[in-house]
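This briefing is intended for reading beside the sequence and the model. Topics are grouped so that each can be followed on the structure in turn.

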Amino acid sequence: MAGVNVRRPAATIADVAAAAGVSRATVSRVMNGRTTVDPTIAARVQEVAIELSYRPSNVARSLSIGRTTTVALVVPDLANPVFQEILRGVSAAAAADGYRVLVADTAEDPSQEAAVARDARRRCDALVLVSPRMPAGELDALLPDIEPSVVINRRVSHPSTPSLVVDYDDATGQLVDHLVALGHERIAYLAGPRLAATNAARRRGLAAARERHAVLDVVELDTGTSLAAGHAAADAVLASRVTAVIAFNDLVAFGLLAALNEAGVAVPGDISVTGYDDIDLARYATPALTTAAVPQDELGRHAWRELHAVMDDDAHAATTTLFGAQLEVRASTGPVPRRVARATVRQARPATEDADPAPEQGPAWSAEGGAMVLHRSLDHGPLARYEDGSRLPAIHSPRPYLHPVHSLAGVPLTDAGPVDHRHHYGLGVAVPDVNGTSHWGGRTFVADVGPTLLPNHGRQVSAGAAVDPMAPHLLVDTIEWRDEHDRPQLDERRRIGARLLDDGWVLEWRTTLHATHGPLEIRSPATNGRPGAGYGGVFWRLPKAHETQVLSAAGPGEDAAQGSTSPWVAFVQRHRDRDGERTTTTLLTQTSPVRHWFLRAAEYPGACPALVWDAPLVVPAGGTAETGVVAAIFDRALDLDEAAALATGLR
């Protein structure tokens, strides 16, 4: 009948056999890739199968060869990105061998794991059991029933079951050592499921860390494995008065970060937070999460290799493979809060009532925890920390910098990676345009286009900061500036010194740029078509405060100081913290030559004497350019007259 599409029935194995003049068994052997069929006959069968559009039945094939070519993966919680990455690795590796992967989720219920595993195994050829929570006795009884199988994140003793284990003992040690190097002594561990082998491994790592660090005090809080569990733990964390947290996994850490942010608690300013696993979102959290990275995809791929070997050879010797974890240091960890560090040092050196107080020796630099730290004196906590910046993201133009810088009372005076400008890092030398390369980070201003993200980010590489042997208060460093192609552009010599005042202290930063690799043309957004945006040079990024006031020789206010050649500017900031309100002043003066000030207060607090303002700075090959700041830091407010008088004494 016209207009009716009559569907022909699908060809069967019998149709192919009849058309090719062979038996159905021969067709089956050809379709299954067997080599026992004569090549001429095999070719004829394949041609007929193509002509008839024959498609072998997977069900029939499975029945004939005794396999389903599927394996099952049983996980405690598929919502956890770690288990998703393991699944991705297993699936990719299994697909290359013609296998598919089914998934079963036990919803973190140990009582259901054995039943779910047995049911999954009845439907598949083999089983991947990930992070089982069941007691050891139940697991030992289960393994003979589900073989062939492989177990991830738990050691097993079954002779034909391979296991893959992450060294969480060592991972925990790396996290603790990192935090202790930053001055943290009281740390909370947000524990996971008590039956989880990974939780037991973390506890072993903590026990070993206590033996290495006699000062370490660990508060253990039963928490869980999810975002919600981390969020709910915030009150207990704050009540414990710890200065750092090791969360059971990154999800728990994310939940805690959200709750701390809601409570107005600064991370890492008030408390540092770490996790485990390094899931994809860890580097994109706010702040980016310090964590112990685990090779999740490789765990899945290796699990398939072990399982496939057992499936092909019943006598294959089962082994336990140990995978290491790598510490990824990001913005969620920082030095112990200044007020805690100072109290700890003083308690460690009790004085008798009749002992004469020792004279204060003055500021001194020392190497601590992979950085250089400035102390007010031997019996006081740190005033500033100098980082080499090598771990900064490439898009932020990595560079060495000072952070945190504190007042004598412990008030922080720098910010790093703030939400408003992620590429701002404490006090350092940042320049947006050196021969077209950005050493500022973030977007580049393009004339007639505006701020644009370009692949032009360079980096500054420290040769290794060192203390001047004749002056312990003076830190010296040589920096090689490299362009986006990693070619050297210039060399920088910097000297960072400190001295005490009666009620404050002075930080002095002097930088000399050497055009050792050819001429330099240094520009800014202002020279490229954005009036007033002459930023670039020794840039001080201050933290936001409850209130910020700007003073300068041009008068009070941001507008008076911005773009001026005032010999000094001062930020008077009122900060609020748990102890109430306190006022801190940062007074900046320029080193020679005098330059225009680039300054912000309302949008964010920060300032630098600009290397270039309305015209490019050209440095001939072999030439130099100098800049720097001298900063006096007080825990009290200044007025215009006092600031001017103090600035005269600093220059």
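**Cavities, salt bridges and strand pairing**

The largest cavity is lined by Asn-80, Val-82, Phe-83, Ser-131, Arg-133, Asn-153, Tyr-168, Thr-198, Arg-202, Phe-248, Asn-249 and Asp-277. Helix or strand elements giving two or more residues to this lining are α5 (81–96) and α9 (197–212). The model is a predicted one, and the values below are computed from it.

**Cavities**

- Across the whole structure, two cavities of 30 Å³ or more are found.
- The largest cavity holds about 110 Å³ of space.
- Sorted by class, the residues around the largest cavity comprise four nonpolar, five polar and three charged residues.
- The second largest cavity holds about 80 Å³ of space.
- Pro-432, Asp-433, Trp-440, Arg-443, Thr-444, Phe-445, Ser-524, Pro-525, Asn-528 and Tyr-535 form the lining of the second largest cavity.
- Two or more residues of that second lining come from each of β17 (427–434) and β19 (444–446).
- Its class make-up is five nonpolar, three polar and two charged residues.

**Salt bridges**

- Side chains of opposite charge can pair when their charged atoms come close.
- The structure has a count of 29 salt bridges.
- One of these joins the side chains of Asp-145 and Arg-118, with an N to O distance of 2.9 Å.
- Asp-145 belongs to helix α7 (residues 136–146) and Arg-118 to helix α6 (residues 110–123), so this pair ties together parts that lie 27 residues apart in sequence.
- Asp-145 is partly exposed, with a relative accessible area of 46%, and Arg-118 is also partly exposed, with a relative accessible area of 30%.
- Arg-494 and Glu-492 form another salt bridge, in which the closest N and O atoms are 2.8 Å apart.
- Both Arg-494 and Glu-492 are buried.
- A salt bridge also links the side chains of Arg-510 and Glu-508, at 2.3 Å from N to O.
- Arg-510 counts as partly exposed at 41% relative accessibility, as does Glu-508 at 21%.
- The cut-off for burial is under 20% relative accessible area, so Glu-508, at 21%, is classed as partly exposed.
- A network of salt bridges links Arg-459, Glu-480, Arg-482 and Asp-486.

**Strands β5 and β11**

- Strand β5 (residues 163–166) runs parallel to β11, and four bridges join the two.
- Within this pairing, Ser-163 stands opposite Thr-320 of β11.
- In a regular strand the side chains alternate between the two faces of the sheet.
- Strand β11 (residues 320–323) shows such alternation: Thr-321 and Phe-323 point to one face and are buried.
- Thr-320 and Leu-322 point to the other face of β11 and are not buried.
- Thr-320 therefore takes part in two descriptions, as the residue opposite Ser-163 and as one of the residues of β11 that are not buried.

**Cysteines**

- The count of disulfides is zero.
- Cys-124 is buried, with a relative accessible area of 5%.
- Cys-608 is likewise buried, with a relative accessible area of 0%.
- Both values fall under the 20% limit, which means that Cys-124 and Cys-608 are classed as buried.

Note on methods: Residues numbered from 1 in each chain as written. Predicted model: local features only at pLDDT ≥ 70, side-chain atom pairs only at ≥ 80, totals over all residues. Heavy atoms only, no water. Buried < 20%, exposed > 50% of the residue type's maximum accessible area, 1.4 Å probe, protein only. Pairing = 2+ DSSP bridges. Salt bridge = Lys/Arg side-chain N within 4 Å of Asp/Glu carboxyl O. 1 Å grid on protein atoms, 1.4 Å probe; cavity = no way out; pocket = protein on both sides within 12 Å on 5 of 7 lines; lining within 4 Å. Points joined across faces, edges and corners; volume = space filled by probe spheres on them. Nonpolar A, V, L, I, M, F, W, Y, C, P; charged D, E, K, R; others polar. Disulfide = S-S within 2.5 Å.
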